[in-house]
Structures are given as structure tokens and as C-alpha cells.
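Visitor: Hi, I have a few quick questions about this one. Could you walk me through it?
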Amino acid sequence: MKKRNIIVYCLAFLMLIVTFAAAAPQGTYGSAGDVIDDSVITTKVKALLAKDAFLKSFQISVETYQGAVQLSGFVNSQKAVDKAGTITKGVKGVKSIKNDLIVK
């Protein structure tokens, strides 16, 4: 009887562990540090674009996710598109750039 109770308790304990393991987050959201790093990158890119005399008159949107920076908005020349990309590449932590700026 004691042996049976021990086995039942062990099985119940294992089922509890499996339940918690299945419900645990799987790491698809990234850590808080990743989010902070992304916001720092976004802020630095926005500041540098606003500081540039040629680009400051354009409204360029900057979004960052896990070091990948997306630039979007409208500019008046390909030179502006290229310059925004060059400035963004120079920011520490930028892993890739998706330059979706449109020349109007």
C-alpha cells in the first residue's frame, strides 16, 4: 500500500511539472533588455536624422525590433533615402535596415 501511494504521488508530481513546463513562455518575445536596446536605437536614429540639416525637414518614421531598423516616410530625392540609410548604419546596435522611404 505504501509503495502504491509513493508511485501515485510521484506520478502526480511529474504531471504537475509537465503542466508548468508546457505553460511557461517559450522565449518568443525577447527580454526586457532587448526592448530597452531597441528603444535606445530608435531614439539615437531619430535624433541623428533630426540633427542632420538635409533630413530634418522630412518626417521619417523609425521603428526597431531586435536591432532591425525600419525607416518609412516620404522624402524628395534618392539622395535623402541614401543619407538616411547611411546615418542609420552608423548607430551602434543596428543589425539590419529596411529602408522603406519613398521618393515623392
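Visitor: To start somewhere specific, which helix is T42 found in?
Guide: T42 belongs to helix α2, which covers residues 32-51. Keep in mind that this is a predicted model.
Visitor: Is T42 buried or exposed?
Guide: T42 is buried: its relative accessible area is 13%, and the label fits because buried means under 20%.
Visitor: And what does T42 touch?
Guide: Leaving out residues up to four places away in sequence, T42 touches V62, E63 and T64. Strand β1 spans 60-65.
Visitor: Let's zoom out. How many helices and strands does the chain have?
Guide: There are three helices and three strands. Following the sequence, they come in the pattern α-α-β-β-α-β.
Visitor: What do the strands form?
Guide: The three strands make an open sheet with mixed pairing, ordered β1-β2-β3. At the edges are β1 (60-65) and β3 (96-103), each of which pairs on one side only. Ignoring direction, neighbouring strands in this sheet are turned by 10° against each other on average.
Visitor: How many bridges join β1 to β2?
Guide: Six bridges connect β1 with β2 (residues 68-75), and the two run antiparallel. For a landmark, look at S61, which stands opposite S72 in β2.
Visitor: Which helix packs on the sheet?
Guide: Helix α3, residues 78-89, packs there and touches β1, β2 and β3. The direction of α3 makes about 160° with that of β3.
Visitor: Switching to the surface: which residues form a nonpolar patch?
Guide: The patch consists of I7, L11, F13, L14 and I17, and together they have about 500 Å² of accessible area. One of them, F13, sits in helix α1, residues 2-23.
Visitor: Why does F13 count as exposed?
Guide: Because its relative accessibility is 52%, and exposed means over 50%.
Visitor: How much area does the chain expose?
Guide: About 7800 Å², with carbon and sulfur atoms supplying 64% of it.
Visitor: And what share of the chain do buried residues make up?
Guide: Buried residues account for 25% of the 104 residues, and T42 is one of the buried ones.
Visitor: Last one, on contacts between residues at least 6 apart in sequence: what percentage join residues at least 24 apart?
Guide: That figure is 58% for the chain. The T42 contacts with V62, E63 and T64 are a handy place to begin looking at contacts in the viewer.

Terms used: Residues are numbered from 1 along each chain as its sequence is written. This is a predicted model: local features need pLDDT of at least 70, side-chain atom pairs count only at pLDDT 80 or more; totals for chains, interfaces and linings use all residues. Side-chain values use heavy atoms; hydrogens and water are left out. Patches are made of residues with over 30% relative accessible area and no salt bridge: like charges are joined within 9 Å, nonpolar side chains (Val, Leu, Ile, Met, Phe, Trp, Tyr) within 5 Å. Accessible areas come from the Shrake-Rupley method with a 1.4 Å probe; for residues, only the protein chains shown count as cover. A salt bridge is a side-chain nitrogen of Lys or Arg within 4 Å of a carboxyl oxygen of Asp or Glu. Helices (H or I, at least four residues) and strands (E, at least two) are DSSP runs, numbered from the N terminus. Buried means under 20% relative accessible area, exposed over 50%, partly exposed in between (1.4 Å probe, protein chains only). Contact means heavy atoms within 4.5 Å. Two strands pair if DSSP finds at least two bridges between them. Axes are lines fitted to C-alpha atoms, for helices over the stretch in contact, and angles run from 0 to 180 degrees between N-to-C directions.
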